[in-house]
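Got your viewer open and a selection box ready? Let's take a short walk through this one, stop by stop.

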Amino acid sequence: MQTITTTDALAAFCARAKGQPYVSVDTEFLRERTYYSKLCLVQLALPGKDDADAVLIDPLEDGLSLEPLLEVFRDPNIVKVFHAARQDLEIFFIDNRVIPAPLFDTQVAAMVCGFGEQVGYETLVKRIAKAQVDKSSRFTDWSRRPLTDAQKKYALADVTHLRQIYEFLNRKLHESGRDRWVAEELGVLMDPETYITRPHEAWMRVKTRSSSPRFLAIVRELAAFREDFAQSRNIPRSRVFKDDALVELASTKPVTHQDLGRSRLLLREARKGEIADGILAAVDRGVNCPKEDLPRVEEEADKAQVNPALADLLRVLLKAKTEDFGVASKLIAQAADLDRIASGARDVAALSGWRREVFGEDALRLCDGRIALAAKGKTVKVIEI
């Protein structure tokens, strides 16, 4: 189990990657105590089965530069293979402004190939590589040194089996002609906007029961302050205040530090100092926000406008299509998407791209009354009208 601790050793291994069709990649990181993930380990494997084809890279080692690895990430001739890549890609983008390309995500590919919703790595190892993964080291502290042999073995398993999984899924995609489907799905992962968190947009992730523009203005200002404070100090946003406290503050509209002291949900540390001052200033901005600048949420499709019978038929059609094509249903459409289609909306992802070919075209024909559905044994058939 080779662990690379110098830039020269990393450069030598990355030189071996040149000319290879792909490299499998994984990371270990910590995020419990910081806003941004702390990269603690990078695992790489080249095609083949030799132990020398897989290494660990220690980014915590003084003097080690990841630039040779970043050059591999930029190389358009080497496919970078990850499983459930989003968090890994976020780390490399935030730390180095690099998104590995071309990219292959085995979780996305597995959903397209009929392995179910958000299938886990262990499941794919068992079903494709016919092996077991020891997960006993999964929740260890990856920032502590030295790493144990158990940790190293666990980390390497995340890229060695990934090679066989990639080759199997890649071959299956080529045979089925679904490469383009996966490429469409990876567009979001390849977009830098996916990894940029803007404080003024943070309020959209806060769940509230009220859609009052004035209330939402206060939520917006509180969420923006919290995000900015957490980012600037690299601490988890929950250490500033949690969502339930944010909603409480937006409801009670505190004006003084004494008002903050009456909060049921606010952390003690947030009732004084910079956080307290920031809360009061944010609430004041929200309360006094000009009417024309108040935020508004898009109203959900009026339930009265949704034809419930049509929505149910769309669900049946979706199930039939996922069984026919062997694709995870949630990859095509969520329940809310079907309700929107049944209410007349047409700006729905399920009606564009590869989804339109698989489901969207017939969904629209069903809405227009041009097709019907019929049960035949255990299957559902589309009947032309």
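Before the first click, a quick definition: a salt bridge here is a side-chain nitrogen of Lys or Arg within 4 Å of a carboxyl oxygen of Asp or Glu. Keep in mind that you're looking at a predicted model. By that criterion, the structure holds 25 salt bridges.

**Stop one: Glu274 and Arg233.** Select both and show their side chains. They form a salt bridge, with the closest N and O atoms 3.0 Å apart. Glu274 belongs to helix H11 (residues 273-287) and Arg233 to helix H8 (residues 213-233), so this pair ties together parts that are 41 residues apart in sequence. Turn on a surface: Glu274 is exposed at 53% relative accessible area, while Arg233 is partly exposed at 39%.

**Stop two: Arg356 and Glu361.** Here's another salt bridge, 3.0 Å from N to O. Arg356 is partly exposed, with 31% relative accessible area, and Glu361 is also partly exposed, at 36%.

**Stop three: Asp362 and Arg365.** Now pick helix H15 (residues 353-367), which holds both of these residues, three apart, or about one turn of the helix. Their closest N and O atoms sit 2.8 Å apart in a salt bridge. Are these two buried or exposed? Asp362 is buried, at 12% relative accessible area, and Arg365 is buried too, at 17%. Add Lys321 and Glu384 to your selection, and you have a network of salt bridges linking them with Asp362 and Arg365.

**Stop four: the sheet.** Switch to cartoon view and find the six strands that form an open sheet, in the order S1-S4-S3-S2-S5-S6, with mixed pairing. At the edges stand S1 (2-4) and S6 (103-105); each has a single partner strand, so one side of each is left without a neighbour in the sheet. On average, neighbouring strands are turned by 30° against each other, direction ignored.

Zoom in on S2 (residues 22-30) and S3 (residues 38-45): they run antiparallel and are joined by seven bridges. Click Glu28 and look across to S3, where Leu41 stands opposite.

**Last stop: the helices on the sheet.** Which strands does helix H1 lie across? Select residues 7-17 and you'll see H1 across S1, S3 and S4 (54-57), running at about 115° to S1. Then select helix H3 (residues 86-96), which lies across S2, S3, S5 (79-82) and S6, at about 80° to S2.

Note on methods: Residues are numbered from 1 along each chain as its sequence is written. This is a predicted model: local features need pLDDT of at least 70, side-chain atom pairs count only at pLDDT 80 or more; totals for chains, interfaces and linings use all residues. Side-chain values use heavy atoms; hydrogens and water are left out. Helices (H or I, at least four residues) and strands (E, at least two) are DSSP runs, numbered from the N terminus. Buried means under 20% relative accessible area, exposed over 50%, partly exposed in between (1.4 Å probe, protein chains only). Two strands pair if DSSP finds at least two bridges between them. Axes are lines fitted to C-alpha atoms, for helices over the stretch in contact, and angles run from 0 to 180 degrees between N-to-C directions. Contact means heavy atoms within 4.5 Å.
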